Amino acid sequence: MDKKELIRKAIEAQQKAYVPYSKFKVGAALVTEEGDVYTGCNIEIASYSPTICAERTAIFKAISEGAKKIKTIAVVGDSDFTYPCGVCRQVIREFGKDATIIVANSEEDYKEYKLEDLLPYSFGPEDLEKNNQE
Ligand code: THU
């Protein structure tokens, strides 16, 4: 799965966004370390707070199907380079400390980051390991 293909999958997923309130469509596509691909879109709920971002839809789909580690996640939104929100960055951190994040306007127009660039000095599973040993 190359970068352009992953972006194309995110664009396809974006079309499925359920966004009656914001009208802001987001799509995400991720590839795991094992090479499996999962996609997601944002889904909005009338009472607002249950709304879920495209990135978390894709990640929770992946983890619930047995995936272990995110290698790369591509995000496509309605703004010029839509970046993952803070909550999604933390969720990516949980399952992809070394993940690559692609924010794309199109297959040709994209930027690439490491999770560490977007979430420096992060808190993650390793921080709790010592407390969980007893
Ligand atoms: N949204 C995402 O799906 N991903 C992001 O990274 C940013 C925000 C969604 C949530 C909501 O449905 C809409 O965009 C407006 O915030």
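Helices α2 and α3 cross each other in a left-handed way. Their contact is built by five named residues on each side, including Ile59 of α2 and Val91 of α3. Keep in mind as you look around that this is a predicted model.

**How α2 and α3 meet**

- Helix α2 covers residues 54–64 and helix α3 covers residues 86–95; their axes come within 10 Å and cross at roughly 25 degrees.
- Angles under 35 degrees count as roughly parallel, and α2 and α3 are therefore roughly parallel to each other.
- On the α2 side, the contact is made by Glu55, Arg56, Ile59, Phe60 and Ile63.
- On the α3 side, the partners are Val87, Cys88, Val91, Ile92 and Phe95.
- Sorted by type, the residues of this contact are eight nonpolar and two charged, with no polar ones.

**The chain as a whole**

- You will find five helices and five strands in the chain.
- Walking along the sequence, you meet them in the pattern α-β-β-α-β-α-β-β-α-α.
- The chain has a radius of gyration of 15 Å, close to the 14 Å that the globule rule gives for 134 residues, so the chain is as compact as a globular protein of that length.
- Taken along the principal axes, the C-alpha atoms fill a box of roughly 50 × 40 × 30 Å.

**Burial and contacts**

- Of the chain's 134 residues, 40% count as buried.
- Looking at contacts between residues at least 6 apart in sequence, 61% join residues at least 24 apart.

Terms used: Residues are numbered from 1 along each chain as its sequence is written. This is a predicted model: local features need pLDDT of at least 70, side-chain atom pairs count only at pLDDT 80 or more; totals for chains, interfaces and linings use all residues. Side-chain values use heavy atoms; hydrogens and water are left out. Axes are lines fitted to C-alpha atoms, for helices over the stretch in contact, and angles run from 0 to 180 degrees between N-to-C directions. Helices (H or I, at least four residues) and strands (E, at least two) are DSSP runs, numbered from the N terminus. Angles under 35 degrees count as roughly parallel, over 145 as roughly antiparallel, 65 to 115 as roughly perpendicular and the rest as oblique. A crossing is left-handed if the near helix is turned anticlockwise from the far one by less than a right angle, and right-handed if clockwise. Contact means heavy atoms within 4.5 Å. Ala, Val, Leu, Ile, Met, Phe, Trp, Tyr, Cys and Pro count as nonpolar, Asp, Glu, Lys and Arg as charged, and the others, Gly among them, as polar. The radius of gyration is taken over C-alpha atoms; the globule rule is 2.2 Å times the number of residues to the power 0.38. Buried means under 20% relative accessible area, exposed over 50%, partly exposed in between (1.4 Å probe, protein chains only).
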